[in-house]
Amino acid sequence: MDKKKLKRTLIVYAISVIVCLILVLVLLALFEGFKVHKLNFTLDIILLTLKERLLHPITTVTGYIKTKNIAFYVGIAFSFFYPLYVLLAGNRNKTKKDKNSQAHGTARFSTIAEVIKGNNFIVKKQKTVQEEFKQSLIYTVDQLNKAGTTKTRS
């Protein structure tokens, strides 16, 4: 991996970890607020709790560490391992762009030879197809006349 790609990957990982940590703090603040206020949990209380936790993240984190909050530790582990998993697993399953078409992955347009090959289509001349179609129409009209269901114009 070249330096530029490695640097970009590390920046994406760092941003992902920070976003996950913020989400963990928000979720823990919401759960704590719900635990304290129970049925009186209003939007004002939610906003006040989130504001309090997000404006003072260091105090919040040290409080979680002092109280040995298991949910906090699980959230921290999730915040570091999940973005790493997404980065590593995402690179493994990337598909390359097909050079012959505008499609990505395995999807592509078939060539004429592939479409005609097999029993998908039968190659016939246009005149032959038109004649067969006209014959089928004549046959259908004759059948309907014999059944007495249609009147043909003379």
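Author: Buried means under 20% relative accessible area. Keep that in mind as we look around this predicted model.

Reader: Why is phenylalanine 72 called buried?

Author: Phenylalanine 72 has a relative accessible area of 5%. The cut-off is under 20%, so phenylalanine 72 counts as buried. Tyrosine 64 goes the same way: its value is 3%, so it is buried too.

Reader: What makes the rings of tyrosine 64 and phenylalanine 72 a pair, and why is the pair called tilted?

Author: Ring centres have to lie within 6.5 Å, and these are 5.3 Å apart, so they pair. Stacked needs planes under 30 degrees apart and edge-to-face needs over 60; these planes are at 35°, so the pair is tilted. By this rule there are 3 aromatic pairs, and Tyr64, Phe72 and Tyr73 form one aromatic cluster.

Reader: How do you know that lysine 124 and glutamate 132 form a salt bridge?

Author: Their closest N and O atoms are 3.2 Å apart. The limit is 4 Å, so this counts as a salt bridge. Searching the whole structure turns up 1 salt bridge.

Reader: Why are lysine 124 and glutamate 132 called partly exposed?

Author: Partly exposed sits between the 20% and 50% cut-offs. Lysine 124 has 42%, so it fits; glutamate 132 has 41%, so it fits as well.

Reader: What makes valine 19 suitable for a surface patch?

Author: Patch residues need over 30% relative accessible area, and valine 19 has 44%, so it clears that bar. Valine 19 lies in helix H1 (residues 3-37). Together with Ile11, Ile15 and Leu23, Val19 makes a nonpolar surface patch of about 350 Å².

Conventions. Residues are numbered from 1 along each chain as its sequence is written. This is a predicted model: local features need pLDDT of at least 70, side-chain atom pairs count only at pLDDT 80 or more; totals for chains, interfaces and linings use all residues. Side-chain values use heavy atoms; hydrogens and water are left out. A salt bridge is a side-chain nitrogen of Lys or Arg within 4 Å of a carboxyl oxygen of Asp or Glu. Buried means under 20% relative accessible area, exposed over 50%, partly exposed in between (1.4 Å probe, protein chains only). Rings of Phe, Tyr and Trp (its six-membered ring) pair if their centres lie within 6.5 Å; planes under 30 degrees apart count as stacked, over 60 as edge-to-face and the rest as tilted. Patches are made of residues with over 30% relative accessible area and no salt bridge: like charges are joined within 9 Å, nonpolar side chains (Val, Leu, Ile, Met, Phe, Trp, Tyr) within 5 Å. Accessible areas come from the Shrake-Rupley method with a 1.4 Å probe; for residues, only the protein chains shown count as cover. Helices (H or I, at least four residues) and strands (E, at least two) are DSSP runs, numbered from the N terminus.
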